[in-house]
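Visitor: Could you walk me through this model, one feature at a time?
Guide: Happy to. Have a look at it first.

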Amino acid sequence: MIRLAILLSGRGSNFAAIHDAIAARALDAEIVAVISNKPDAPGIARALELGYQADVVNHRAFSNREAHEAEVLRLLAEANPDFVVLAGYMRLLSASFIEAYRNRILNIHPSLLPAFPGVDAQAQAIAHGVKVSGCTVHFVDEGLDAGPIIVQRAVPVLDADDAHALAARILEQEHGAYVEALQKLSGRRYRIDGRRVVFQ
Ligand code: GRF
């Protein structure tokens, strides 16, 4: 059983997919915290509906990044998670936050990294003309969408796609990919060897 803290800023469909997998007993985990930096995030409403004690830590209410992160870190310390799961969390984490949870923060990115890091990855993929894109679940390090890769899933890019259509097709795969990554981390021994996450 692994303890998960979810950080989100928006829709929360990846959070909901993880919740569903736990409820279906497909994932041996417990969600011990749901935290949003946005008070109006639909993901927070969803979390409350599902019976979680969800917390809003509005970054606009703090004078700087450090003060905002200090409050998030305080809530995390109370929840004592094994992993911090970024699920559409639209804030960059400082180096000291990353260090506090080194190799225990996961993110999902809607491209096959290292292609198309940063914002609007699906639009970047369309503009570049790639025929295959996908999603990547990775550990968070100090680089932008750069840490060791845990799971990737490929998704075809169709000629008729715009960024919106591609994003929807990738999102379907994101949900399974995030659950698969957490299943692997909860059920198997692994080591991080440079950039490689090696499962035994
Ligand atoms: C996803 O596309 C994810 O890859 C990106 O942000 C989006 C979050 O979607 N990091 P949701 O809030 O989980 O529905």
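**Reading the features**

Guide: Let's start in the loop between strand E5 (105-109) and helix H5 (121-128), where Pro114 lies. Helices (H or I, at least four residues) and strands (E, at least two) are DSSP runs, numbered from the N terminus.

Visitor: Before we go on, what should I know about the source?
Guide: The model is predicted, so local features need pLDDT of at least 70 and side-chain atom pairs count only at pLDDT 80 or more, while totals for chains, interfaces and linings use all residues. Residues are numbered from 1 along each chain as its sequence is written, and side-chain values use heavy atoms, with hydrogens and water left out.

Visitor: Is the peptide bond from Leu113 to Pro114 cis or trans?
Guide: Read omega: the bond from Leu113 to Pro114 has omega near 15°, and it is cis.

Visitor: Which residue in the loop between E5 and H5 has a positive phi although it is not a glycine?
Guide: Asp120, in that loop, with a phi of about 55°. For accessibility, buried means under 20% relative accessible area, exposed over 50%, and partly exposed in between (1.4 Å probe, protein chains only). Asp120 has 54%, so Asp120 is exposed.

Visitor: And what about Asn103?
Guide: Asn103 sits in the loop between helix H4 (95-100) and E5. Its phi is near 60°, again positive in a residue other than glycine. With a relative accessible area of 28%, Asn103 is partly exposed.

Visitor: How many residues of H1 are buried?
Guide: 9 of its 11 residues are buried, so H1 is largely enclosed by the rest of the structure. Among them are Phe15, Ile18 and His19. For packing, look at contacts, meaning heavy atoms within 4.5 Å. The buried residues of H1 pack against several elements, including strand E1 (2-8), helix H2 (42-49) and helix H6 (163-187). Just after H1, Arg25 takes a positive phi of about 60°.

Visitor: What does Ile22 in H1 touch?
Guide: Ile22 belongs to helix H1 (residues 13-23) and counts as buried at 18% relative accessibility. Setting aside neighbours within four places in sequence, Ile22 is in contact with Leu27, Ala29, Glu30 and Ile31. There's also a long-range pair: the C-alpha atoms of Ile22 and Val179 are 157 residues apart along the chain and separated by 9.1 Å.

Visitor: Is His59 buried or exposed?
Guide: His59 has a relative accessible area of 17%, so His59 is buried. His59 is in the loop between strand E3 (54-56) and helix H3 (65-79). Not counting residues up to four places away in sequence, His59 touches Asn37, His68 and Arg91. The C-alpha atoms of His59 and Arg91, 32 residues apart along the chain, are separated by 9.0 Å.

Visitor: Which residues are around the ligand?
Guide: A residue is near a molecule if one of its heavy atoms lies within 4 Å of it. Around the ligand you'll find Arg11, Gly12, Ser13, Asn14, Gly88, Ile108, Pro110 and Glu174.

Visitor: Which polar contacts does the ligand make with Arg11, Gly12 and Ser13?
Guide: With the ligand, a polar contact is a pair of N or O atoms within 3.5 Å. A ligand oxygen is 2.6 Å from an N or O atom in the side chain of Arg11. For Gly12, a polar backbone atom is 2.8 Å from a ligand oxygen. An N or O atom in the side chain of Ser13 is 2.5 Å from a ligand oxygen.

Notes. A polar contact is a pair of N or O atoms within 3.5 Å; within protein, one must be able to donate a hydrogen and the other to accept it, and residues adjacent in sequence count only if both atoms are side-chain atoms.
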